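Here's a quick briefing to keep beside you while you look over the sequence and the structure. The notes go topic by topic, starting with how the two chains meet.

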Amino acid sequence: MTALLRANLPVLVVIAPLFIAFILTPLARRIRLVETLAFLATVLGLGAAGHLATVVFARKGSPFIYQLGGWPPPWGIELVAGNLGVFFALAVTGVSVPVVLFARGNLTAEVGDTGRVTRFYVLYLLLVGALAGMAVTNDLFNVYVLVEVVTLSCCGLVSARRHPRAAEAAFTYLILATLGSAFVLGGIGLIYMLTGHLNMGFAGQELGRVWPDYPHTVLLAVSFVIIGFGVKAAVFPLHVWLPDAHATAPSPASAILSGLAVKGYLLCLLKFLYGVFGGELLRELAVHRILTLLGVAGIIAGSLLALTQEELKRRLAYSTVAQVGYLVLGGGLLNATGLTGALFFLASHAVIKATLFLAAGAIQAATGKSRIRELAGVGRKMPLTMAAFTIGSCGLIGLPLFSGFIGKWYLLVGSLEAGMILPVVAILAGSVLCAAYLLPVIRTAYFRPAPAVAWRDPGRPQKLALLLLATAVVVLGVRPGPFLELARKAAAELMAFV
Amino acid sequence: MNELWPRLLVNYPYLAAAILFVIGTFTVLTHPNLFKKLLGINIMESAIFLTFVASGNIRGGVAPIRATANAEAVYINPLPSALMLTGIVVSVSVTAFALALIVRLYRVYGTTDLRRIVVRRKEVTGDDGFAQG
Amino acid sequence: MRDFILKRAAALILPFIFVYGIYVILHGAVSPGGSFAGGIIVGLSFVAFATIYGIEKGKAKLPEQVLVWTESYGTLWYGLMGMVGLGRGVPFLANKLAGVDLGTPGTLASGGLIPLIGLGVGIRVASTIVTLFFTMMEEES
């Protein structure tokens with residue numbers, strides 16, 4: 001039995017959450033059973049990802065190749081679980097467990113009756129399964145299918161609340177995300193027309209041989225892919241849907257959307273740019289400079305826009321735009337250190353953003369207030385929640401001993417190695433601005449006197465979830481060793497194509 | 001330029017797809033009516049499907065069904081058509097979801113014109129959007 | 001008068017549309033169409049029935065519980081078909097490798113697991129179309 005599980009691990013990481021999602025709908029009336037099953041599904045996903053990690057480590061660098069249906073490429077879909085796949089699968093499943101724990105018992109107030117809560121869990125599990133699939137897939141069209149599953153589940157999660165702003169934000173998100181999907185599909189079509197392969201490895205090899213003959217088509221394919229994934233990952237000028245969508249979603253949904261969904265698209269963008277197009281083509285078309293500039297612009301613009309927001313969740317949503325700028329900057333540096341920094345930052349930001357959004361959600365659910373200046377005294381009345389928020393903020397700013405510091409450090413070193421000063425200035429300015437828009441929240445919560453009303457404390461699952469995430473932020477900052485090593489190997493895998 | 005026209009006419013599916021794609025994108029981004037935005041998305045996706053399916057075509061080939069053709073026939077590539085079936089499914093799902101959201105928005109705001117929704121947002125939902133969940 | 005003509009015509013035509021949809025689903029491996037297109041046809045026959053005869057009769061024919069069950073279990077059926085090969089050591093979704101008899105191409109019973117998967121997908125797609133229709137009609141009223 002264990003041999004059977006071990007042989008099929010890459011596909012189990014994807015289908016365990018998916019199948020349990022489909023069992024949930026007929027059980028809608030027994031909501032405790034639904035929540036327990038959802039939690040079990042995410043724990044199973046995490047277990048499968050962890051087991052896959054040990055299996056991949058035991059193979060010492062050669063990736064675990066799995067062919068769906070037994071058909072070898074180019075006829076079949078190939079799943080490749082290398083260091084990069086394991087890294088992202090661990091990040092996805094690891095963050096999904098505390099978030100679903102937070103949602104336990106908490107959703108009825110935000111979402112509605114048990115039927116809607118069940119649908120929330122179904123969409124959540126579909127999202128987790130599809131993100132895990134994005135980590136391991138090696139087929140171009142499979143990427144498109146998973147991108148669509150993630151898009152539709154994200155839009156469903158955003159529209160879960162009954163507030164009219166939620167419907168509007170979900171509609172904007174749906175239209176713009178489908179625009180992005182159409183661009184991605186166009187890019188995939190152009191790559192297929194150029195190379196005749198849908199497998200990323202074969203397409204990359206063929207494209208490396210063929211691209212000087214078709215410069216315009218390749219340029220079109222690259223731009224389609226960047227714009228398509230850029231719209232969905234909220235890269236700077238294309239980020240306009242993100243603040244509304246992530247601020248109006250229920251808090252567990254905002255946590256997983258900001259933390260993991262946009263990162264999944266960025267990971268797919270990196271796989272496309274490095275694995276299919278290759279470093280030589282990127283340098284020839286100056287794509288890496290474009291990515292770095294977009295990243296710099298995103299950091300500055302996102303942080304400045306976050307400063308102007310009065311509402312806590314919108315401020316955190318604009319902060320996500322800034323952090324995506326860091327990731328795009330790291331992806332555009334084209335050296336191993338920068339890419340290590342980007343990947344580690346990806347995982348650490350997922351944990352940090354989940355902490356921040358869940359804490360903000362707990363505060364909003366307990367006090368009913370969402371404006372920052374109304375949050376006076378929260379630190380005294382809800383100490384655990386505010387402590388988790390503070391730890392997350394320190395991680396986001398990039399203070400040493402917290403996980404954000406390591407990612408930013410590697411990004412800085414990578415920028416210096418690439419010989420560019422502008423990213424260095426942008427990263428430092430971004431940290432200062434991040435402090436500028438997060439510290440007032442902490443100051444208002446701790447140092448202003450609290451009003452005399454009694455606030456409902458968050459329940460025990462919520463506190464446990466916040467504790468887990470905050471501990472992860474600190475642990476990743478103090479002892480990043482194994483995870484950083486995994487990020488380094490994953491970056492080396494991507495750099496092999498440059 | 002005079003060698004461009006014959007090339008464009010030979011590749012007429014791709015030319016049509018490019019024109020449809022631009023029309024669709026332009027409609028999505030600029031038209032204020034929500035239904036028209038959705039139609040723009042559909043036109044855009046139709047253009048992409050057309051590109052894909054046309055890329056699989058071989059002039060003078062037959063449909064790739066084994067039982068009905070003789071042994072010497074050149075079959076057209078069935079893979080892009082199969083892939084676009086998935087794309088059409090996705091497009092239908094997105095359309096259905098967007099229509100449900102439009103119905104929901106219509107019931108709150110009473111209009112499907114985005115300009116009027118932006119104006120009425122303040123009076124219907126409160127000044128910034130929301131204070132509590 | 002208009003309603004009378006519609007109802008009589010629908011009573012004659014809709015069963016044939018339904019059977020045609022099932023035909024398209026089952027012959028997915030042999031002729032163009034397949035599970036998705038056939039499922040849409042089956043679903044649309046129910047939607048046409050509900051439009052012409054009224055939502056109440058449509059809901060009486062396909063109660064909500066049946067729709068919920070077919071949606072979930074259609075997809076689980078797909079997964080179970082995929083797991084057929086797992087017991088024999090071949091990867092997920094294996095067809096020929098799992099030892100399934102493929103039959104002669106061009107006949108109905110060919111393709112191994114493909115018509116079975118197509119049946120599950122077709123039923124699921126049909127129930128999805130009907131659910132979407134009922135949901136949108138509910139929102140309006």
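Let's begin where the chains touch: 30 residues of chain A are in contact with 31 residues of chain B. Keep in mind that this is a predicted model. After the interface, the notes move on to chain B, then to a helix pair and a strand pair in chain A.

**Where chain A meets chain B**

- On the side of chain A that touches chain B, helix 5 (107-111), helix 7, helix 8 (164-195) and helix 16 (336-367) of chain A each chip in at least two residues.
- Helix 8 of chain A gives the most to that side, with 15 residues.
- Sorted by class, the side of chain A that touches chain B has 16 nonpolar, eight polar and six charged residues.

**Chain B on its own**

- Chain B has five helices and zero strands, so its pattern along the sequence reads α-α-α-α-α.
- Chain B runs to 133 residues, and 23% of them count as buried.
- Take the contacts in chain B between residues at least 6 apart in sequence: 49% of these join residues at least 24 apart.

**A helix pair in chain A**

- Two packed helices are described by the angle between their axes and the distance between the axes.
- Helix 6 (residues 114-136) of chain A packs against helix 7 (residues 140-158) of chain A at an angle of about 150°, and their axes are 9 Å apart.
- Angles over 145 degrees count as roughly antiparallel, so helix 6 and helix 7 of chain A are roughly antiparallel to each other.
- The crossing of these two helices of chain A is left-handed.
- From helix 6 of chain A, the residues making the contact include A:Phe120, A:Leu123, A:Leu127 and A:Met134; from helix 7 of chain A, they include A:Val143, A:Leu146, A:Val150 and A:Leu157.
- What classes do the residues of the contact of helix 6 with helix 7 of chain A divide into? The split is 14 nonpolar, three polar and no charged.

**A strand pair in chain A**

- Strand 1 (residues 64-67) and strand 2 of chain A pair in the antiparallel sense, over four bridges.
- One of the partnerships to look up is A:Gln67 with A:Glu78, its bridge partner in strand 2 of chain A.
- In a regular strand the side chains alternate between the two faces of the sheet.
- In strand 2 (residues 78-81) of chain A, A:Glu78 and A:Val80 point one way, while A:Leu79 and A:Ala81 point the other way.
- Are these residues of strand 2 of chain A buried or exposed? All of them are buried, A:Glu78 among them.

Definitions and conventions: Residues numbered from 1 in each chain as written. Chains lettered and ligands numbered in written order. Predicted model: local features only at pLDDT ≥ 70, side-chain atom pairs only at ≥ 80, totals over all residues. Buried ≥ 20, exposed ≤ 12 C-beta atoms within 10 Å, placed from the backbone. Contact = placed C-beta atoms within 7 Å. Axes fitted to C-alpha atoms, helices over the stretch in contact; angles between N-to-C directions. Parallel < 35°, antiparallel > 145°, perpendicular 65-115°, else oblique. Left-handed = near helix turned anticlockwise from the far one by under 90°. Nonpolar A, V, L, I, M, F, W, Y, C, P; charged D, E, K, R; others polar. Pairing = 2+ DSSP bridges.
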